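Student: I have a structure open and would like to understand the words used to describe it. Could we go through them with care?

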Amino acid sequence: MTTPNPQLDAQGRLKHFLTIDGLSRELLIEILDQAEGFLGVAQQAVKKVPLCRGKVVANLFFETSTRTRTTFELAAKRLSADVLNLNISTSSTAKGETLLDTLRNLEAMHVDMFVVRHAESGTAHFMAAHAAPHVSIVNAGDGRHAHPTQAMLDMLTIRRHKPDFDQLSVAIVGDILHSRVARSQMLALRTLGVPDVRIIAPRTLLPTRVEEAFGVRAYHDLSEGVRDADVVIMLRIQRERMNSALLPSEHEYFQLFGLTEERLSTARPDAIVMHPGPINRGVEMDSQVADGRRSVILEQVTNGIAVRMAVMSMCLGNQHLGSQSQEEATHA
């Protein structure tokens, strides 16, 4: 017997957004289509739509973040939801309150959605398993596990430049081993039908059996790995790992795996360059590439708001539909 996907309701609609794993191509396309529709909201005189008016969204960021938290907050406000930003460093969780205590207390304040970032893998799944039936959980990054909205904003950025996923070659470069972004990107690309997904990294930064697990090809030479690629995605190297045995110095890493115009020249002439941010200039890529004509990094930020609006509106809208169906069943 197939175990139901915890992210979906009984009708197969999105209730939580925890990981790309297990979601259908059709659902990912629906998210992208919804996001396309939200891109125009930023051009309006009043940058709001009333889809989530009356809903309450709580941002629970147990890890520091600026870009992700800000775009989630903007997305919720553009949907006309009320937003609660919990300062974890001064909250009761820092005084010994458990994650479940925090969840229950905020549920008692009638919060409808929790956007959660946490250093421990599986935290978003844990909260979804224990949340009240009317509450949705969106994973804003958990440990090394998943960052699904980042993957979907990347997919939207790719689709706006390269609409035929089934004809693309995509190269992901950097710390694959520790990257929740890379894991979610690989799952999304393969689910959307990209036939050629490549990962490029030092051997010490590749998970074991990653090629078999994700259906990708591994390279250890950057110029060879990006050859004829349509999309090159650079990952952020976390500086705290530079002093470990897993990585050489920043200078040595850049010499081997930093993206320069020369190395990018082996990719297709119309290839686009992406990065989830923030960029370590002179480590992952040089400024000439980051600010060059093929960079779409700032577009990713813009697209992130639209994708997060799509995910939140789908989850919160389906809450409403679900409660309607429940009421109809009760009165039948």
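Tutor: What follows is a conversation about a predicted model, taking the sheets, the helix pairs and a few single residues in turn.

Student: What makes S2 and S4 the edge strands of the sheet with the order S2-S1-S3-S4?

Tutor: The 4 strands of this open sheet stand in the order S2-S1-S3-S4, and their pairing is parallel. Strand S2 (82-86) and strand S4 (136-142) each pair on one side only, and that is what the word edge refers to here. From one strand to the next, the twist averages 15°.

Student: How do you know that S1 and S2 are paired?

Tutor: Two strands count as a pair if at least two bridges are found between them. Strand S1 (residues 56-61) and S2 have 5 bridges in the parallel sense, so the condition of at least two is met. You can look for Asn 59, which stands opposite Asn 85 in S2.

Student: Which helix packs on this sheet, and which strands does it touch?

Tutor: Helix H2 (residues 67-78) does, touching S1, S2, strand S3 (113-118) and S4. The direction of H2 makes about 180° with that of S1, and because an angle over 145 degrees counts as roughly antiparallel, that is the term for H2 and S1.

Student: What is the order of the strands in the sheet of 5 strands, and why are S7 and S9 said to stand at its edges?

Tutor: The order in this open sheet is S7-S6-S5-S8-S9, again with parallel pairing. Strand S7 (217-219) and S9 each have a single partner strand, so one side of each is left without a neighbour in the sheet. The twist in this sheet averages 20° from one strand to the next.

Student: How do you know that S8 and S9 are paired?

Tutor: S8 and S9 run parallel and are joined by 3 bridges, which satisfies the requirement of at least two, so they are a pair. Val 232 has Val 273 in S9 as its bridge partner. H5 lies across S8 and S9, running at about 170° to S9.

Student: Why is H3 called oblique to H4?

Tutor: The axes of helix H3 (residues 99-107) and helix H4 (residues 123-130) come within 11 Å and cross at roughly 50°. That angle is neither under 35 degrees nor over 145 nor from 65 to 115, so oblique is the word that remains. H3 passes H4 in a right-handed crossing. From H3, the contact is made by Leu 99, Leu 100, Leu 103, Arg 104 and Glu 107, while H4 contributes Thr 123, Phe 126, Met 127 and His 130. These contact residues of H3 and H4 divide into 5 nonpolar, 2 polar and 2 charged.

Student: Why are H1 and H5 called roughly perpendicular?

Tutor: Helix H1 (residues 25-38) and helix H5 (residues 148-161) have axes that come within 10 Å and cross at roughly 70°. Because this angle falls in the range of 65 to 115 degrees, H1 and H5 are roughly perpendicular to each other. Among the residues that make the contact are Leu 28, Ile 29 and Asp 33 of H1, together with Met 152, Leu 156 and Arg 159 of H5. The whole contact of H1 with H5 divides into 8 nonpolar, no polar and 4 charged residues.

Student: Why is Arg 209 called exposed?

Tutor: Arg 209 has a relative accessible area of 60%, which is over 50%, so Arg 209 is exposed. Its place is in the loop between strand S6 (196-200) and helix H7 (210-214). Phi of Arg 209 is near 60°, a positive value in a residue other than glycine. Most residues other than glycine have a negative phi.

Student: Why is Thr 302 called partly exposed?

Tutor: Thr 302, found in helix H12 (residues 297-331), has a relative accessible area of 47%. Buried would need a value under 20% and exposed one over 50%, so Thr 302 is partly exposed. Thr 302 and Ala 42 are 260 residues apart in sequence and 9.1 Å apart in space, C-alpha to C-alpha.

Student: What makes the peptide bond from Gly 277 to Pro 278 worth a look?

Tutor: This bond is cis, with omega near -10°, and Pro 278 lies in the loop between strand S9 (272-274) and helix H11 (287-290). Most peptide bonds are trans.

Terms used:
Residues numbered from 1 in each chain as written. Predicted model: local features only at pLDDT ≥ 70, side-chain atom pairs only at ≥ 80, totals over all residues. Heavy atoms only, no water. Helix = DSSP H or I, 4+ residues; strand = E, 2+ residues; numbered from the N terminus. Axes fitted to C-alpha atoms, helices over the stretch in contact; angles between N-to-C directions. Contact = heavy atoms within 4.5 Å. Buried < 20%, exposed > 50% of the residue type's maximum accessible area, 1.4 Å probe, protein only. Left-handed = near helix turned anticlockwise from the far one by under 90°. Nonpolar A, V, L, I, M, F, W, Y, C, P; charged D, E, K, R; others polar.
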